[in-house]
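Biologist: Hey, can you walk me through this one? I'd like to go through it piece by piece.

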Amino acid sequence: MKWTLPTLALVILVSLNTIAAPQKLPVEAFASIADVSNVTLSPDGQNIATVVKMDLENQQGSLVSIYNVASGESIYPVQTDNQKFTITGLTWASNDLLFIYAKFPAVRYGTPTTESRLFKYRLSDKNLSSVLKPKLLKRFKWVPQVQSDIINMLEGDENHILMQFRGLGNNSQFETVMKVNLSNGRSSTVQYAEKNVIDWTTDKQNRVRVGIYRDDTHYKIVEQPDNNEDYRTLWEFEAFSEDQVWPMGFGKDPNILYVQAYHEGYKAIFKVDLTDAKLTKQLVFKRDKVDVTGGLIYSKVKKDYIGISDGTDAEYTFWDDEYNGLINGLNKVLPDTRNYIVQYSENERRYIVFSTSSTDSGTYYLGDRDEKSLQPIAYRYKELLPELMARTTTIEYKARDGLAIEGFLTTPNDTPKTKLPTIIFPHGGPISFDNNSFDYWTQYFANRGYAVLRMNFRGSYGYGFDFMKAGLKNWGLEMQTDVEDGARWLISEGIADPKRICIAGASYGGYAALMAVATTKDLFQCAISVAGVADVEDLVKSHRGYTNFEIVKKRIGDDYDALYERSPVSKANNINVPVLLIHGEKDRVVDIEQSEDMYDALKKYNKPVEFVELEDGDHYLSDNADRLKTFHAIEAFLQQYLPTTKAM
């Protein structure tokens, strides 16, 4: 049996200065899951755990790899085919214990769900087991859907963690906090569930201090200074309002709470002294005209927060001068990439760096501050060499009402930017965002000879309160025309060939693609929807069995007649270009019925449509075979309906 695994610390990195002629890469180079992901360093800096792609002669999937820095040896304690379950994350609980997060699709009482579980692997005895024992689960009224929510790792106590679950006590539909023993699986209740409290936050003294209360769309942030005292409401606000305040974590001082709130229209980080009756917010960190997002980074050495982690790989951004100095040094050593520290050892002398750019899928390095060394350990996509990728530039265009839209244009290598066959590629979410970073979908299209435009239409994340608010209840309206205006801008600039433009997207992006060809004429020559929404009315109604139903209605809308009119399925007869639909049968985010209904509607009117169903496929193409099937279908579709004459 032949193995092909990315060997940590032995990955061969091709120089970024190498000059290579443009070449057409195989579909598999883009369509395979990442060779390496979820890189995490043990507290002592001696072991690196990661998820690596498994590639056997007759089986594909993922493995957990644990690489020992000193010996150079790796072990692979867990494997999955990414169908029964998918590994979603890794965290070191101690030098000896690794947590492995997993998810899998299920059905509860007829309702499709995504279940999450937490496993532990102990290096000393090479034992893999579930964190929660069956005996513990018998205490619940029902088996909790989420069994992986750790809210406190309990620094100084390697044998226990605090987790929160639903399914216990009188308020069983809300969160109970339990102290779980990692040796024997026993537990004790630390915080009983309170009605409408959906999340808890602890302080550095390991006390449950703050809860997030939600009643429909109304939120309260409540505090209990002592478990025997009454709750105090710190802040209350409506969902999607500008006065929202979200707790992020307590400082060493139990009365100092860090929060995220709006500052001059953009999200920023503040700290609040809870003994201050006015709850004055003291600004800690902001960005100019951009939201600050992500989680806080706490330094065990400095006993304070030193920055935030956000982005694709939870990249670190520091406000501490010492750590900014380290980043500046890294940027001098690696000048052609954006370099992020993504993790420290407990003493903060060793660290993991993720180095990336629009053409570099990402290189992981192990840094040592004492030895002043930086060692490459893994490349995220080993076949996607930076010198073969197409560069992306940040652009801006005006929507038809004058709103500035930021976009990201990628054009094929060594090709004049004139009259190019083009892919318009709006992101999913839709409360998400694109940026000038590596995107394997974009690089695939560019490698095939297409220009690619991604854009952050109104409602995209990170552009402040007004921009976010403009996307509420806006499906099919200005959010949609923002996308179409990007295509028209490319035509006006002479970049796109107006007779060779296809629109493609996944999830909300799939909706935007279908809606574009249903509401415009002669602008797009084809559309590709991967796990896309076709019926917005049905999407909203499908949340009736979930606790966030009112939030969904406030975000998308509850005028069902209007939502149906803004649905591609209602306008199937208007679509006169070829459509490709791709959907996973076990998609728990957008049900496959969305694509099935769209296919039926198009076939009813004898429209050109293809439908690729991914057996056992999820929303994220987690299985390598599903991803390959998707990209091969797209390849054939584009060759038939939007061929490029670019010589490869």
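**Starting with strand β33**

Modeller: Keep in mind that this is a predicted model. In β33, the side chains of C526, I528 and V530 point one way while A527 and S529 point the other, and all of them are buried.

Biologist: What does that say about how enclosed β33 is?

Modeller: Five of the five residues in β33 (526-530) are buried, so the strand is largely enclosed by the rest of the structure.

Biologist: And which strand does β33 pair with, parallel or antiparallel?

Modeller: Its partner is β32, residues 496-506, and the two pair in the parallel sense over five bridges. In that pairing, I503 stands opposite A527 of β33.

Biologist: OK, switching to sheets. What's the order of strands in the one with β22?

Modeller: That one is an open sheet of three strands, β21-β22-β23, with antiparallel pairing. The edges are β21 (295-299) and β23 (315-318); each has a single partner strand, so one side of each is left without a neighbour in the sheet. Neighbouring strands there are turned by 40° against each other on average, direction ignored.

Biologist: How many bridges hold β22 to β23?

Modeller: Four bridges join β22 (304-310) to β23. In one of the pairings, D310 has E315 in β23 as its bridge partner.

Biologist: And how are the strands ordered in the sheet with β24?

Modeller: There are four strands in that open sheet, in the order β24-β25-β26-β27, and the pairing is antiparallel. At the edges are β24 (338-344) and β27 (373-379), each pairing on one side only. The twist averages 30° from one strand to the next.

Biologist: Which residue is the bridge partner of T363 in β27?

Modeller: That's Y379. Overall, β26 (363-368) and β27 run antiparallel and are joined by six bridges.

Biologist: What does helix α3 lie across?

Modeller: Helix α3, residues 321-333, lies across β24, β25 (350-356) and β27. It runs at about 135° to β24.

Biologist: Let's do helix α9. Which of its residues are buried?

Modeller: The helix covers residues 549-556, and the buried ones are F549, I551, V552, K553 and I556.

Biologist: A lysine in that list, noted. What do those buried residues pack against?

Modeller: They pack against two strands, β14 (208-215) and β15 (218-223), and two helices, α8 (536-541) and α10 (560-565). Just after α9, G557 takes a positive phi of about 130°.

Biologist: Where else does the backbone do something odd?

Modeller: For background, most residues other than glycine have a negative phi, and most peptide bonds are trans. Against that, F240 has a positive phi near 65°. F240 sits in the loop between β16 (232-238) and β17 (245-250).

Biologist: Is F240 buried or exposed?

Modeller: F240 counts as buried, because its relative accessibility is 18% and the cut-off is under 20%. L621 is another non-glycine residue with a positive phi, about 50°. L621 is in the loop between β35 (609-614) and α12 (624-641), and at 5% relative accessibility it counts as buried too.

Biologist: What else is in that loop between β35 and α12?

Modeller: E615 lies there, and at 57% relative accessibility this glutamate counts as exposed. Leaving out residues up to four places away in sequence, E615 touches E585 and D626. The C-alpha atoms of E615 and Q83 are separated by 9.6 Å, though the two are 532 residues apart along the chain.

Biologist: And which peptide bond is cis?

Modeller: The one from G429 to P430, with omega near 0°. P430 is in the loop between β30 (420-424) and α4 (440-447).

Biologist: Last topic, then: how many cavities of 30 Å³ or more are there?

Modeller: Four. The second largest holds about 70 Å³ of space.

Biologist: What lines the second largest cavity?

Modeller: P430, the residue after that cis bond, is in the lining. The others are I431, G459, M468, G471, L472, W475, M479 and R555. By type, the lining divides into six nonpolar, two polar and one charged.

Definitions and conventions:
Residues are numbered from 1 along each chain as its sequence is written. This is a predicted model: local features need pLDDT of at least 70, side-chain atom pairs count only at pLDDT 80 or more; totals for chains, interfaces and linings use all residues. Side-chain values use heavy atoms; hydrogens and water are left out. Buried means under 20% relative accessible area, exposed over 50%, partly exposed in between (1.4 Å probe, protein chains only). Contact means heavy atoms within 4.5 Å. On a 1 Å grid over the protein atoms alone, a cavity is a set of points where a 1.4 Å probe fits but cannot get out, and a pocket is an open set with protein on both sides within 12 Å along at least five of seven lines; lining residues have an atom within 4 Å of a point. Grid points are joined across faces, edges and corners, and a volume is the space filled by probe spheres set on the points. Ala, Val, Leu, Ile, Met, Phe, Trp, Tyr, Cys and Pro count as nonpolar, Asp, Glu, Lys and Arg as charged, and the others, Gly among them, as polar. Two strands pair if DSSP finds at least two bridges between them. Axes are lines fitted to C-alpha atoms, for helices over the stretch in contact, and angles run from 0 to 180 degrees between N-to-C directions.
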